[in-house]
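Grab a pencil and work through these exercises with the model open beside you. Try each task yourself before you read the solution.

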Amino acid sequence: MCGIAGIVSQSTVVNSDLFDALTMLQHRGQDAAGIITNEGHHLYLRKENGLVRDVFNSDDHMVKLRGNMGVAHVRYPTAGCSTSAEAQPFYTNTPFGISLSHNGNLTNSEELKQELFLQDRRHLNTESDSEVLLNVFAHELLQRGVLRLTPEDIFSAVSGVHLRCRGAYACVAMITGYGIVGFRDPYGIRPAVYGVRETANGLDHMIASESVALDALGFELLGDIAPGEAVLITLDGKLHKRQCAANPIYSPCIFEHVYLARPDSVIDDIYVYKARLRMGVKLAEKILREWPDHDIDVVIPIPDTSRVAGAELAARLNVHYREGFIKNRYIGRTFIMPGQAQRKKSVRQKLNPVGVEFRGKNVLLVDDSIVRGTTSQEIVEMAREAGARKVYFASAAPPVRFPNVYGIDMPTSTELVAHGRTVEQLEKLLGADRLIYQDLGDLIDAVRQGNPAITRFDCSVFTGEYITQDITPEYLNQLELFRSDSAKAARSRSRTMIELPNAS
């Protein structure tokens with residue numbers, strides 16, 4: 001996952017607003033950050049590896065980002081590559097000068113790379129599928145053959161993107177001197193919202209991955225960009241919308257509600273907080289149905305994502321809810337850390353148990369999901385070390401058994417702890433006295449209740465059924481060769497060996 005943002009203002013330079021938007025979206029990517037702004041015919045870019053506050057760590061960085069229009073990005077390496085060359089936004093000068101930020105993953109990027117080189121005569125400078133997407137959009141816009149753009153030209157180019165690109169993409173693109181356009185793939189897999197802010201000089205508009213970015217800057221949420229839809233905001237502050245896909249099918253990623261999104265966000269017209277409350281209710285109902293004589297003394301969430309579900313679960317079970325783990329907020333999200341060793345080490349750096357809440361008690365630990373199992377094993381062990389008599393473990397999501405191909409760098413199948421294992425086997429592996437998973441039907445009901453108009457979700461990490469229907473065993477095998485921890489480590493060693501001679 002990544003975070004995207006774009007602003008067109010009628011009243012102010014947008015550098016500070018884009019910085020604030022990225023800080024609100026930092027949870028979506030901690031690998032790199034970037035902002036590009038436009039003033040007249042000039043573009044101003046700053047991007048680098050690191051957290052937002054580290055990339056823009058001086059007044060000089062911000063002052064140089066001039067202009068009342070810009071797009072921004074926080075990056076999380078979908079394929080495990082962490083070089084600064086892959087930081088976004090990306091830029092191409094032909095036609096018109098286009099900058100793009102992208103959240104998602106193209107499933108036919110290799111095919112498109114060949115097309116771009118052999119047919120479109122376009123050069124790619126990185127391995128990023130985001131650069132592929134930018135060049136596809138640029139080529140489609142170039143095909144219009146005009147010197148003065150109209151909204152119809154932009155929407156036609158987005159339609160061309162939908163015809164050529166497969167997979168997940170929520171994008172915001174800036175066309176120098178003209179405006180910004182946000183668009184989603186025809187399934188709406190990754191989120192994108194837009195809003196407006198009234199000023200003395202007119203209307204400011206913003207596009208972002210989540211509504212929290214709009215809230216923080218005083219923008220009113222107008223809605224979600226629909227699957228296949230494009231939203232265009234021109235420099236004069238006018239907003240245009242158009243459905244650009246022939247057959248859009250609303251199928252957003254359900255894992256956004258489980259883990260990725262902030263609980264104070266509204267995406268696809270669903271309050272994430274409310275969805276997670278309902279996950280806690282469903283999980284409690286399952287426990288009461290299958291384990292009515294439970295001996296749970298206390299429910300303790302694994303901070304932060306499982307707090308909402310954990311609190312509601314405890315209330316429904318009529319047992320105490322306690323904050324048994326204190327989180328070190330200076331450690332990043334372990335889910336998106338590259339490498340198993342780093343993730344394992346970070347668990348104990350990130351969480352410290354409050355011994356009095358564990359000692360002599362039967363504890364039910366609640367987490368949003370169990371992916372690799374490394375964190376869960378460590379936490380169960382920490383609970384026992386803190387004096388828990390019994391340690392039960394509940395997941396607000398079903399078993400994660402399959403890799404994600406739509407923009408979340410989940411492990412390969414062989415690295416997913418639930419892949420090929422029964423719940424009983426997982427119980428022993430994690431060291432828990434009992435393991436409870438959410439049922440998939442209950443998870444879907446919990447989320448869909450917020451917006452019944454959505455008839456299906458992308459649940460591929462639980463079912464292995466990929467909604468784009470283009471994922472072959474060969475594709476997954478290639479993904480495993482590239483995405484596994486061992487493959488990432490080998491690439492890291494290769495980069496180090498290349499860099500060593502220059503370091504001396």
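**Exercise 1. Find where P89 sits, and work out what is unusual about the peptide bond before it.**

*Solution.* Start with the place: in this predicted model, P89 is in the loop between β4 (69-75) and β5 (90-92). Next, look at the bond that joins Q88 and P89: it is cis, with omega at about 10 degrees. Now move along to P95, which is in the loop between β5 and β6 (98-106). T94 and P95 are joined by a cis peptide bond too, and here omega is about -5 degrees. Why bother to point these out? Because most peptide bonds are trans.

**Exercise 2. Describe the backbone and the surroundings of D269 and N318.**

*Solution.* Take D269 to begin with. Its phi is near 60 degrees, a positive value in a residue other than glycine. D269 lies in the loop between β14 (266-267) and β15 (270-271). With a relative accessible area of 49%, D269 is partly exposed.

Then do N318. This residue is not a glycine either, yet it has a positive phi of about 60 degrees. Its place is in the loop between α10 (307-317) and β17 (320-321). Is N318 buried or exposed? Its relative accessible area is 71%, and the cut-off for exposed is over 50%, so N318 is exposed.

Positive values deserve a second look because most residues other than glycine have a negative phi.

**Exercise 3. Take the salt bridge between K113 and E110 apart, step by step.**

*Solution.* Step one is the distance: the closest N and O atoms of K113 and E110 are 3.2 Å apart. A salt bridge needs them within 4 Å, so this pair makes the cut. Step two is the position: K113 and E110 are 3 residues apart in helix α4 (residues 109-118), so about one helical turn separates them. Step three is the cover: K113 counts as buried at 14% relative accessibility, while E110 counts as exposed at 53%.

**Exercise 4. Compare two further salt bridges, R389 with D297 and E357 with K361.**

*Solution.* For R389 and D297, the closest N and O atoms are 3.5 Å apart. This pair links distant parts of the chain: R389 is in the loop between α12 (374-385) and β21 (390-395), and D297 is in the loop between α9 (272-290) and β16 (298-301), 92 residues apart. D297 is partly exposed, with a relative accessible area of 30%.

For E357 and K361, the closest N and O atoms are 3.4 Å apart. E357 counts as buried at 16% relative accessibility, whereas K361 is partly exposed at 24%. Elsewhere, R28, R190, E210 and E256 are joined into one network by salt bridges that share partners. How many salt bridges are there in total? The count comes to 34.

**Exercise 5. Locate H205 and list what it touches.**

*Solution.* H205 is in strand β10 (residues 202-208), and at 5% relative accessibility it counts as buried. Leave aside its neighbours within four places in sequence, and H205 is in contact with residues including G6, I7, V8, F219 and L239.

**Exercise 6. Judge how compact the whole chain is.**

*Solution.* First, take stock: the chain has 17 helices and 22 strands. Its radius of gyration is 23 Å, close to the 23 Å that the globule rule gives for 504 residues, so the chain is as compact as a globular protein of that length. To finish, check the burial: 60% of the 504 residues count as buried.

Notes. Residues are numbered from 1 along each chain as its sequence is written. This is a predicted model: local features need pLDDT of at least 70, side-chain atom pairs count only at pLDDT 80 or more; totals for chains, interfaces and linings use all residues. Side-chain values use heavy atoms; hydrogens and water are left out. A salt bridge is a side-chain nitrogen of Lys or Arg within 4 Å of a carboxyl oxygen of Asp or Glu. Helices (H or I, at least four residues) and strands (E, at least two) are DSSP runs, numbered from the N terminus. Buried means under 20% relative accessible area, exposed over 50%, partly exposed in between (1.4 Å probe, protein chains only). The radius of gyration is taken over C-alpha atoms; the globule rule is 2.2 Å times the number of residues to the power 0.38. Contact means heavy atoms within 4.5 Å.
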